[in-house]
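Subject: Handover of a structure and the findings on it

Dear colleague,

I am handing over the structure shown here, together with an account of what was found in it. Please read the notes beside the model.

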Amino acid sequence: MLKLLSGEILKKKTECLVVPVCENTEIHDDPAIISLIENARKIKEFKGKKDDSVVFYDPADSKLERILFVGIGNRDKIDADALRRFAGKSVKQLIKKELSEIVLCAPCPEKLDMKDDVLLGALFEGAFLGNHIFDKYKKEKKAKPLKTVSVFTDSKIAKSRRLLPSKIETICKGTLLARDWVSMPSNEKRPDRFVRSMVKAAEKEDLSFSILDEKSLKQNGMGAILAVGAGSRSKPRLLILDYNPFKNKKAPQNKKTYVLVGKGVTFDSGGISLKPSAGMDEMKMDMSGAASVAATLITLARLKHKFRVVGVIPVVENMPSGDATRPGDIIKSYSGKTIEIGNTDAEGRLILIDAMSYAIKMFKPDVMVDMATLTGACVVALGEKIAGVFSTDKQLAKDIVASGEAVAERCWAMPMPDDYKALLKSEFADINNMSSTRYGGAITAALFLSEFVEDTRWAHIDIAGPAYSKKGGDYCGAGGSGFGVRLLVDFLNKM
Ligand code: BES
Ligand code: MG
Ligand code: ZN
């Protein structure tokens, strides 16, 4: 749980007070804390350099059990994400010491040229996200997350930001929900089961849902989704999650509808054009877009978001078998366009286009955003921490990149050159699902999607890099990162 705390720091009873300290500069303004830091700086090996740390036990005239001073380096390099990382790392370190409750000391916002809600929000986020442990499949649980993290700040700020901790907690819980789904092994989340798991979580909130099963996918002519799912014993689904605050009321005139589409491949073996075996285990994460979209909708419902948002989530398992779709096969998509299968491993774009055409027809969205672990090429282009944003709508791409900046889920706008569409030509069908060259693979994938969107305002976010991390980061463990939830929530809140 997250809490805000203010008053006299030395009178607080806590297992550990954590104080961030800058090299040379003072970033706190509470005299009691400044004098504690002065003592810490007397220790030779503690200079406030990044990752320096020193612990004082049972400091005199206080109820504090310990004080952990943590160096965060040069003041000029401290931004919101540096505070998230500080909070996350501190929490991880103190979990190992088997503590259950800590207090983080917030720096003074003016001294870091930051707004107080941004500063406190970053500390809360880093702490809450860093406190998550995925150990469901371990018999012996090595560590327990902390029960409570408080952030200590000036009483005026604490009073005006009373609601902040619970809001941050709600949003970050969405990220954790997505993380757990992504980290879950594929044998426990085959399409039907994964859909039921998303529905179960959504039902607890104010969301309506519907599921298209194999039969209704056939009736609707969703040939692309069906083609990808053909090789698997567990058949594909299309899940619709609908958050509509005007459900039982008269909607205002200018109400907008946003659609989010998320790629849900519960395991991507590549199908008949099988992937190399090295790292294939990580393809359990190929449903990260679906996880982030579902978790975003659940979060929006909890936040009582102001306009309608619909999640359209195709869920399939991409497997080779006697029933699997072959390279060279020609399929008919929901839109009516035919597609030649150049490679069965380019499956994400196939399930997305059926979902997107359906979403456009059924919900006539003002804006549609899809999120997908779509291409290895995007990881080659931008690395493992930055997502690619593709849109012909410059403003839309700009807004997404700006939200990414605000929540530290970094995005980079990529080009959509018209002339590259020629690379997707098929001799026999309307389009090929694979480009004739492997160069620019993230771009040609996005261009493929664009062929099915027409004039809807739309952006595609390729999260193949940041959705999953083998090692984890300062406020994320190994496995799913939950990337996209905080991004989409911030983006929609600013619309
Ligand atoms: N799921 C993969 C993309 C991926 C790669 C996600 C690495 C996360 C990490 C996608 O379905 C895929 O296989 N894409 C192919 C496309 C190619 C066959 C045109 C790729 O990127 O190699
Ligand atoms: Mg693939
Ligand atoms: Zn895939």
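A residue counts as buried when its relative accessible area is under 20%, as exposed when that area is over 50%, and as partly exposed in between. Please bear in mind throughout that this is a predicted model.

The metal site

With that cut-off, Glu347, at 1% relative accessibility, counts as buried. Glu347 is one of the protein donors of the zinc ion (ligand 3), along with Lys263 (NZ), Asp268 (OD) and Asp286 (OD), and these donors lie 2.0 to 2.4 Å from the ion. Asp286 is likewise classed as buried, because its relative accessibility is 2%. Around the zinc ion (ligand 3) there are 6 donor atoms, and the angles they subtend, 78 to 174°, make the arrangement octahedral. Along the chain, the zinc donors follow the spacing K-x4-D-x17-D-x60-E. Distant parts of the chain are linked here: Asp286 belongs to the loop between strand S10 (264–268) and helix H9 (288–302), while Glu347 belongs to the loop between strand S13 (338–340) and helix H10 (348–363), 61 residues apart.

The magnesium ion (ligand 2) is coordinated at 2.0 to 2.2 Å by Asp268 (OD), by Asp345 through both O and OD, and by Glu347 (OE). For the magnesium ion (ligand 2), the 6 donor atoms subtend angles of 71 to 168°, which makes the arrangement irregular. The magnesium donor residues have the sequence spacing D-x76-D-x1-E. Since Asp268 lies in strand S10 and Asp345 in the loop between S13 and H10, this pair ties together parts that are 77 residues apart in sequence. Asp268 is buried, with a relative accessible area of 3%, whereas Asp345, at 21%, is partly exposed.

What connects the two ions? Asp268 bridges the magnesium ion (ligand 2) and the zinc ion (ligand 3), which lie 3.2 Å apart.

The second largest pocket

This pocket holds about 770 Å³ of space. Its lining consists of 25 residues, of which Ile133, Phe134, Asp135, Gly477 and Ala478 are the closest to its centre. Helix H2 (80–96), helix H5 (164–183) and strand S20 (479–480) are the elements that each give two or more residues to the lining, and H2 provides the largest share, 3 residues. By class, the lining has 11 charged, 8 nonpolar and 6 polar residues. Domain 1 (2–159) and domain 2 (169–493) both contribute to the lining, so the pocket lies between them.

Cavities

The structure holds 2 cavities of 30 Å³ or more. The largest has a volume of about 80 Å³. It is lined by 13 residues, and Ala227, Val228, Asn318, Thr325 and Thr344 are the closest to its centre. This lining divides into 7 nonpolar, 5 polar and 1 charged.

The second largest cavity has a volume of about 40 Å³. Its lining includes Met1, Leu2, Phe128 and Val149. Helix H3 (116–130) and strand S6 (148–152) each supply at least two of its lining residues. By class, there are 6 nonpolar, 2 polar and 1 charged residues in this lining.

An enclosed helix

Finally, helix H13 (residues 441–450) has 10 of its 10 residues buried, so it is largely enclosed by the rest of the structure. Among the buried residues of H13 are Gly441, Phe448 and Ser450.

With kind regards

Terms used. Residues are numbered from 1 along each chain as its sequence is written. Chains are lettered from A and ligands numbered from 1 in the order in which they are written. This is a predicted model: local features need pLDDT of at least 70, side-chain atom pairs count only at pLDDT 80 or more; totals for chains, interfaces and linings use all residues. Side-chain values use heavy atoms; hydrogens and water are left out. On a 1 Å grid over the protein atoms alone, a cavity is a set of points where a 1.4 Å probe fits but cannot get out, and a pocket is an open set with protein on both sides within 12 Å along at least five of seven lines; lining residues have an atom within 4 Å of a point. Grid points are joined across faces, edges and corners, and a volume is the space filled by probe spheres set on the points. Helices (H or I, at least four residues) and strands (E, at least two) are DSSP runs, numbered from the N terminus. Ala, Val, Leu, Ile, Met, Phe, Trp, Tyr, Cys and Pro count as nonpolar, Asp, Glu, Lys and Arg as charged, and the others, Gly among them, as polar. Domain bounds come from an automatic or database domain assignment. Donors are N, O and S atoms within 2.8 Å of the metal (3.2 Å for Na, K and Ca); water is not among the atoms, so sites may look incomplete. Four donors count as tetrahedral if all angles lie between 85 and 135 degrees; four count as square planar and six as octahedral if opposite donors are over 155 degrees apart and all others between 65 and 115; anything else is irregular. Buried means under 20% relative accessible area, exposed over 50%, partly exposed in between (1.4 Å probe, protein chains only).
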